[in-house]
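I opened a new page for this chain. My plan is to check confidence, then the overall fold, then pairs of charged side chains.

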Amino acid sequence: MSSVGSKGVMEGELQVVAVPEKPKAALPPLPPASGSNAIVEYTKPVPKDEEEDLEVKLRRIIDHVPVRVSNTSGSSAGSGSGDFHQYRQMRRKEQDRLARMDVDYQKRKELAEFNMRREERMKVAEERTAKKRLKRQKKKQRKKEKKAKLGGGEQEKEDSSADNDSDSGEDEK
């Protein structure tokens, strides 16, 4: 082996690089320069966005959700005279919570059904209005053509009669 210079080149493809002493801190070493031929390169692990989102959600849940202790007495403790009242109170709270959930679900369901029926009624009313609007417009157009026919010359009379023939079949529905 020959003496190693500042670049530290050896025979073959391997390369020896001088490494400064590691500081005793908990930080990992810096990655080598980008043009390096080192066998192992250190890259800093990048946390995925999904993992960060899950951690944030978990922290939020832990911070905001109250902890319920459902069984305060240990397994070796006997049932005292006050335990039944505690059980009854916990059971009543849970039943009330479930009843509120059911009522809330029913209200949401009824509101959704109401909105669906309302939209259907609005759609039918809009269709009916559009049909009547079209009928009024046709009637108005025929009235204009009739007025123009009476006041105009023979040429306008021929044009309007051709238009009346095509419109008359649709009106009588």
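**Confidence.** A note to myself before I start: pLDDT is the predictor's confidence in each residue, from 0 to 100. I need it here because this is a predicted model. I looked up the mean for the chain and got 74, with 55% of the residues at 70 or more.

Where is confidence lowest, and where is it highest? I found the low end in helix H3, residues 154-171, with a mean of 51. Helix H2, residues 83-151, sits at the top with 93. I also flagged residues 4-10, where pLDDT is below 50 and the model has eight contacts beyond near neighbours in sequence. Residues 169-173 stay under 50 too, and I counted three contacts for them beyond four places in sequence. My reminder for such places: where pLDDT is low, the predicted coordinates should not be read in detail.

**Overall fold.** I went through the elements and noted three helices and zero strands. Reading from the N terminus, I wrote down α-α-α.

How much of the chain is buried? I got 3% of the 173 residues. For the accessible surface I noted about 17,100 Å², and carbon and sulfur atoms hold 54% of that. Then I looked at contacts with a separation of 6 or more: 19% of them join residues 24 or more positions apart.

**Charged pairs.** How many salt bridges does the structure hold? I listed three. The general idea I kept in mind is that side chains of opposite charge can pair when their charged atoms come close.

I began with arginine 97 and glutamate 94, whose side chains meet at 2.7 Å, N to O. Both belong to helix H2 and are three residues apart, so about one helical turn separates them. I checked exposure as well: arginine 97 is partly exposed at 28% relative accessible area, and glutamate 94 is partly exposed at 29%.

Next I took aspartate 104 and arginine 108, a salt bridge at 3.4 Å, N to O. This pair is in helix H2 as well, four residues apart, or about one turn of the helix. Is each partner exposed or partly exposed? Aspartate 104 is partly exposed, at 37%, while arginine 108 is exposed, at 59%. The cut-off I used for exposed is over 50%.

Last, I looked at glutamate 126 and arginine 133, which form a salt bridge at 4.0 Å, N to O. I noted glutamate 126 as partly exposed, at 47%, and arginine 133 as partly exposed, at 35%.

Technical notes: Residues are numbered from 1 along each chain as its sequence is written. This is a predicted model: local features need pLDDT of at least 70, side-chain atom pairs count only at pLDDT 80 or more; totals for chains, interfaces and linings use all residues. Side-chain values use heavy atoms; hydrogens and water are left out. Helices (H or I, at least four residues) and strands (E, at least two) are DSSP runs, numbered from the N terminus. Contact means heavy atoms within 4.5 Å. Buried means under 20% relative accessible area, exposed over 50%, partly exposed in between (1.4 Å probe, protein chains only). Accessible areas come from the Shrake-Rupley method with a 1.4 Å probe; for residues, only the protein chains shown count as cover.
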